[in-house]
Each structure stands twice: as structure tokens, then as C-alpha cells.
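Q: Please give me a close look at one part of this model: the lining of the largest cavity. How do the residues of that lining divide into nonpolar, polar and charged?

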Amino acid sequence: MKQKRIISFTLILALLFSISGCAKTNEVQQPVKAIYTPGTYEGSAQGFGGAINVKVTVDENKITEVKAEGAKETAGIGSKAIEQLPAKIVEANSADVEVVSGATYSSNGIISAANAAVSLAKGEEPVSQAVKNGKYVIDAIGHEGTVTVCTMFLDGAIKSVEVLSNNETQGIGTYAVAQVPQRIVEAQSINVDGVSGATVTSNVIKLAVSEAISKAGGNVADFSKKAAEPEIVKKEVEEDVQVAIMGAGTAGLFAASQLLEQGVNDIILFEKQDIPGGCMPVTYGGLVIADSEIYNEWGLGNPFYASWDNMKAGYQKMLDASGKEYNPDFPFMGPMFKKSGEMFDWMSSIGIGFTTLGSRSGFSYPFFSPGCYEGGSGFAMEFLVKRIEEKGGRIIYATPVTDLTQDENGKITGLVAEGKDGTTWKVNADAVIIASGSFAKNEELVDKYFPEWSGHYFNTIESVTGDGLLLGMKYGAGIEDMGAEVPGFLASYDSHFELAFMHLTVPGIIVNINGNEFGNIIKKNHQMMSQAKADSANGDTFYYIFDEAAAVQAKDNEAYGFDTYKAIFEKGEAVHYNSLEECSTALNLPNLADTVNKNNELSLAGQPNEWGRKDLPYIETSNGGVWAIRVDPNVYLTTGGLKIDPSCHVLTESGNIIPGLYAAGDVCGSVEQKDGVTYGYGFDAAMSFGAIAADTVASELK
């Protein structure tokens with residue numbers, strides 16, 4: 001009976017397979033329906049820097065090629081998304097791919113544009129939709145953290161755009177906050193020009209409005225038409241002035257203000273950007289001064305910075321011990337620090353505010369109010385601009401200087417400038433001051449004069465392209481200190497957000513690609529940062545490791561009184577891990593646990609580490625987890641430049657004065673280097689030598 005059942009079951013299976021086989025033989029194959037109409041389709045969307053255009057090529061069922069273009073996306077950040085995402089979209093056969101870390105806005109722009117192109121390939125026509133009336137509040141991440149923008153729509157139009165709150169850089173981002181919203185309303189488009197020099201904030205405002213349009217049910221493309229360009233009317237202007245200044249950054253503004261103080265009233269400054277200030281607003285705000293009455297009034301002893309005699313003796317002792325060759329008379333550094341003290345006293349007298357000395361443990365010298373990295377430099381810059389204009393000085397914006405003029409005797413007699421509005425300026429001047437900044441953003445010049453830094457990112461403003469250096473050289477100026485040591489500071493890896501004081505305000509350690517420490521981040525930090533970047537043993541990969549207590553200090557530091565670094569948490573660049581092991585595994589830092597444990601042992605024992613760093617931070621790992629942020633030591637200045645004497649005359653290679661031509665600031669490179677000392681105080685140098693140039697010019701015009 002059992003055998004019969006088995007046989008019957010087998011026969012049934014055979015019959016079923018037979019029927020199945022017959023069915024397959026008779027089945028009519030249905031053609032697979034095509035997903036796309038073959039061809040190439042285009043889509044566009046708002047990226048971080050501007051419009052991103054994407055071309056998507058498809059066959060009937062697959063995405064075969066994607067090309068993305070976004071000329072205004074940030075090099076080294078948004079450009080990574082443009083390079084990487086097209087291949088990912090082809091591989092996934094879908095535009096819905098993961099964003100590139102650190103390039104979220106650019107990635108989302110590419111994805112949106114690609115999706116628009118894919119929709120066209122599917123035969124889906126875009127539908128224009130009216131935005132709903134109302135206010136839409138959007139948070140976007142700017143350079144310094146959250147920027148909150150309110151966009152109001154009425155009857156299908158943008159009624160108003162208002163930045164409700166922001167922490168953008170005073171004197172840079174604040175110009176964009178003041179100007180870009182109205183441009184959007186007037187054009188009824190997010191595709192408007194940003195403020196040159198304040199690109200990041202300009203773009204973030206446009207992105208927030210773009211998101212508001214979507215949130216209101218509208219189509220971003222309907223508000224993305226190119227704003228009408230103002231008509232450019234070519235005209236020529238010729239003027240005679242006493243002094244023409246190339247550049248309205250730190251050196252140029254202090255030169256102008258001091259000329260006006262001394263009765264030289266007919267002056268004109270030409271600035272290539274839309275805004276003044278150059279690098280001044282991004283400086284930390286401290287003034288290292290000497291021989292100011294403030295130290296006598298302070299009554300807290302005789303600090304190192306109280307007098308040039310103190311400082312000179314300190315420098316000589318340090319340099320003698322190092323064996324480094326230097327000029328013991330310090331013909332550049334002496335005037336720099338003494339003039340810095342003089343400028344502090346003058347600024348205090350005219351209404352520029354400073355922090356109270358001793359009010360914070362980090363304030364051993366004056367800081368522009370309200371304090372370190374709190375916008376004080378920007379406020380001071382804006383004050384100087386208003387003072388210069390009120391006293392009759394003129395600043396011509398968006399007008400780069402393109403040439404100098406010279407007579408048959410070799411005297412510089414003026415300059416030529418070309419405005420973006422079509423105006424050509426020919427200015428005849430008794431004196432010309434070049435104050436145009438470094439050449440850090442000119443790759444060709446960096447390749448030539450600082451080849452070891454070829455291809456490296458310089459963390460500074462985009463306008464410093466060596467224009468003044470090249471013009472000076474064209475008319476016989478010598479150059480010096482090319483190839484000198486270049487300074488660096490710490491920045492976040494993803495957005496290049498400056499973290500120059502992190503080693504002072506956030507107790508922690510920096511490790512390299514293997515999770516190892518590599519130097520003393522407290523002593524000679526500028527030098528150590530650039531050396532770490534150049535050392536291939538570090539694998540060009542760095543992380544700052546700190547604990548929960550340090551995270552609190554990062555967000556609001558008591559010693560220096562600033563909360564600027566809270567931005568790394570808002571941006572998501574600082575990442576929390578539940579344990580040291582989790583952090584080590586996630587970041588592939590094999591030696592991290594050993595490094596932190598060794599640091600903690602030395603910290604508890606009160607001993608320095610092998611590089612001489614004292615007062616080591618104890619990093620708590622068992623309670624609260626650890627924090628890590630990928631950081632990058634960024635160089636930021638080319639320390640070589642025009643050859644000058646201590647009075648700011650521009651010199652030929654052989655040391656002769658070029659009549660009528662003066663220079664101050666970073667266009668001259670590092671003034672400390674001219675004395676044989678490593679760069680240290682860039683703001684003081686630009687401020688002081690701008691004022692010294694004014695003194696020289698004023699005395700020689702009499």
C-alpha cells in the first residue's frame with residue numbers, strides 16, 4: 001500500500017510538470033514595456049553656488065550617461081558632487097542616490113536636476129503650480145551655522161524675503177543679508193547675482209527661498225529665470241587726486257584713514273569686490289600692541305606685550321636659542337608693534353570699541369568688541385569705511401585696478417581701473433599705494449613661487465589673486481621671501497570652517513590617518529599646522545578628538561567668550577560616538593584607543609607628551625562617549641611679496657626706490673620674515689604698515 005502511494009504521487013508530479021511544460025510551449029511572450037524614450041534630456045536646479053544643469057542620456061530601460069555642470073559650485077566641495085554623482089546615478093539607474101558628504105546642497109541640486117531630466121525621459125511634462133499664500137520660515141546652514149529666512153508669497157509672487165536670524169561673519173555675510181533678499185524680490189527669481197566676497201551667505205539665502213517655494217507647493221523652475229542684467233554703458237573717467245589706493249582691505253583702509261587724519265583729503269580707493277574689508281572681518285580680532293598707555297593704566301604688572309623693549313628682548317632670547325639667523329635690529333617688527341599700539345590708542349579715541357583687558361583669561365591684549373571671533377573686526381572695518389567716506393574719501397567697488405601709469409623718469413603717476421559697470425578709470429595721482437593682498441588664490445603664481453603648496457587649498461578670501469604683485473613687478477619692483485615658511489590653521493574638512501582657536505578653547509587632541517598624534521598643537525601652532533599638512537606620513541587625514549565636557553566648551557567658551565564653534569555641531573561636522581571603540585572603527589583609526597589612553601595617563605600624571613605639550617587634556621571615554629570632527633590644517637597666506645623698505649617705499653630688486661609707489665599688507669608678504677622671523681601677526685602687520693605708508697606719503701607730499 002505504501003509503495004502504491006509513492007508511485008501515485010510520482011505520477012501526479014510527472015503529470016503536473018507535463019502540463020506545465022505544455023503551457024510554457026503555448027505561452028505568448030509579451031514585450032517588456034519601455035520605461036524611457038531614448039535620447040538625452042536636460043534638467044536644472046539650484047545648487048549651492050547657482051544653477052546646476054544636468055544632461056541625462058537613456059535607452060529604453062536604462063540611464064546610460066549623466067553629465068553635470070555647475071560652474072559656480074565651490075571648488076573642492078561642491079565640485080566633488082559634480083565629479084562623483086553622475087557615475088553613481090548611472091550605476092543605480094536612478095537619480096535618487098546618496099549625497100556626497102560635505103556637499104549636501106550641491107548634491108541635492110544635481111539630484112533634483114537629474115530627476116527633472118528623468119521625468120522628461122518618461123514623458124512626464126513639468127506642471128507649473130502657483131505657490132500658496134503665506135509665510136514660510138526655512139533654516140539653512142550658512143558659513144557660521146544656521147541662517148533662518150522667512151519668505152512670504154502673495155498672489156503667486158514673492159512678496160518679501162527676510163533673514164530673521166543669522167551668525168554670518170560681520171562685514172562679509174552681513175552684506176549679503178542686507179542685499180540679496182531684495183534682489184530676489186525685485187527679480188522674482190532666485191537666480192540673481194550674489195554679493196562678491198560674500199558668496200556663501202548669498203547662496204544660502206537663495207537656497208532657503210528655493211526650499212520655501214517647494215514648501216509652498218510651487219515649482220522652483222518658475223522662480224529660476226535669469227535676472228535681467230543691468231545695461232553696461234561704456235564710459236571713461238579721468239581724475240586727478242593726491243593718493244590712489246589699490247585695495248580696500250585692512251592695509252588700504254588704515255592707509256586711507258590715516259591720510260585723512262593728516263590732511264590728505266583727495267584720496268580714492270579701488271576695490272575689486274562688491275564689499276570692503278578684504279581679510280579684516282575674518283581675523284580673530286586681537287591686537288598685539290606695544291607702547292600703549294593702556295598697559296600703564298591696566299595696573300596688572302608689566303606683561304610681555306606692554307612695550308617694544310620687552311618684546312624685542314623676548315624675541316632675541318628665543319631666536320638666539322634657536323640658532324636662527326635674523327636681524328637683531330628688527331627694522332620691520334619694531335615699527336609694526338609700536339604703530340599697532342598707536343593705532344589702538346587712536347581707534348579707542350574715535351569710538352571703536354574693545355573688550356575690557358583682563359575680563360577673560362584669554363584677553364592678555366585688546367580685542368575688538370564684543371570679543372574674539374565675535375564679529376568685532378567686521379564692526380571696526382565698517383566703522384572705518386563710514387569714517388573714510390564721511391571725511392571725503394571715496395571707495396569705488398567692483399572695480400579692479402588693471403594697470404599703473406609711469407612717466408619717462410620712472411615715477412609712478414597713477415593707475416587704471418576697469419569697473420564691472422563699464423567705467424574705465426584713469427586716475428592721475430601724486431602717490432599710489434598697493435594694498436591688494438596676497439596671491440594665495442592664484443594657482444599659477446603659487447606653482448611658481450611656492451611649488452611645495454601646488455594644488456593645496458588656501459583658506460582665504462577669493463579675491464587675493466596677486467594683481468598688485470604682478471603690477472608692481474611689471475613696473476620694476478623686486479620680490480622677496482618667495483618660498484618662505486607658510487602658516488596654517490585648523491579648519492573643518494567638509495566646509496573649511498575656520499577652527500584656528502580650537503586647540504586653545506576645546507580640550508582635545510589631533511590624530512592622523514592611523515589615529516596617532518604627531519606634534520605639539522599648542523606651541524607654534526601656525527607652523528605645526530602647515531608642517532602637519534605637508535608631512536605625507538599623516539596621510540592627509542586628520543581628526544580632532546574630544547569628550548562631552550569639551551563639546552560644551554566648544555559651543556560657548558568661557559576663556560575667550562565666543563560661541564562660534566557651535567556651528568560645527570549645527571552643520572553636523574562634529575559627530576558623537578558612544579564609545580572610543582565605535583569611533584575608532586567608524587573612522588578607521590586603528591591606533592586611536594592607544595593614543596587616547598596614553599594621553600590620559602600622562603594627563604593624570606601631570607607630565608608632558610613626547611612633543612613637549614604640557615597640561616594635557618583628560619579625554620573622558622567611559623562616560624558620555626567621544627566626539628570627533630574631521631579637520632584639515634589649511635594654509636592661508638603666501639609669505640613672499642613685493643620688496644619694500646620699513647617706510648613702505650616699493651623697491652627694485654637692487655634696492656632702489658620706485659618713485660611714487662608704495663605698498664602695505666599681504667602684497668608685501670610677511671613683514672616678520674623680512675627680519676628673519678617666522679610669520680605671526682598678519683592683521684597687525686597690515687594695519688600698522690597701512691598707517692606707516694600713510695605717514696610716509698603724507699610727509700613726502702608736503
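**The lining of the largest cavity**

A: Happily: the lining has 5 nonpolar, 3 polar and 2 charged residues (Ala, Val, Leu, Ile, Met, Phe, Trp, Tyr, Cys and Pro count as nonpolar, Asp, Glu, Lys and Arg as charged, and the others, Gly among them, as polar). This is a predicted model, in which local features need pLDDT of at least 70 and side-chain atom pairs pLDDT 80 or more, while totals for chains, interfaces and linings use all residues. Residues are numbered from 1 along each chain as its sequence is written, and side-chain values use heavy atoms, without hydrogens and water.

Now to the residues themselves. Leu 637, Gly 665, Asp 666, Gly 669, Ser 670, Val 671, Glu 672, Tyr 679, Ala 685 and Ala 686 line this cavity (a set of points on a 1 Å grid over the protein atoms alone where a 1.4 Å probe fits but cannot get out; lining residues have an atom within 4 Å of a point). Two helices, α19 (671-674) and α20 (682-701), each give the lining at least two residues (helices are DSSP runs of H or I, at least four residues, numbered from the N terminus). The volume is about 50 Å³, that is, the space filled by probe spheres set on the points, which are joined across faces, edges and corners.

The model has 3 cavities of 30 Å³ or more. For the second largest, the volume is about 40 Å³. Tyr 679 lines both of these cavities; in the second largest, the lining also includes Glu 485, Val 486, Pro 487, His 526, Gln 527 and Thr 678. By class, that second lining comes to 3 nonpolar, 3 polar and 1 charged residues.

Note on methods
1 Å grid on protein atoms, 1.4 Å probe; cavity = no way out; pocket = protein on both sides within 12 Å on 5 of 7 lines; lining within 4 Å.
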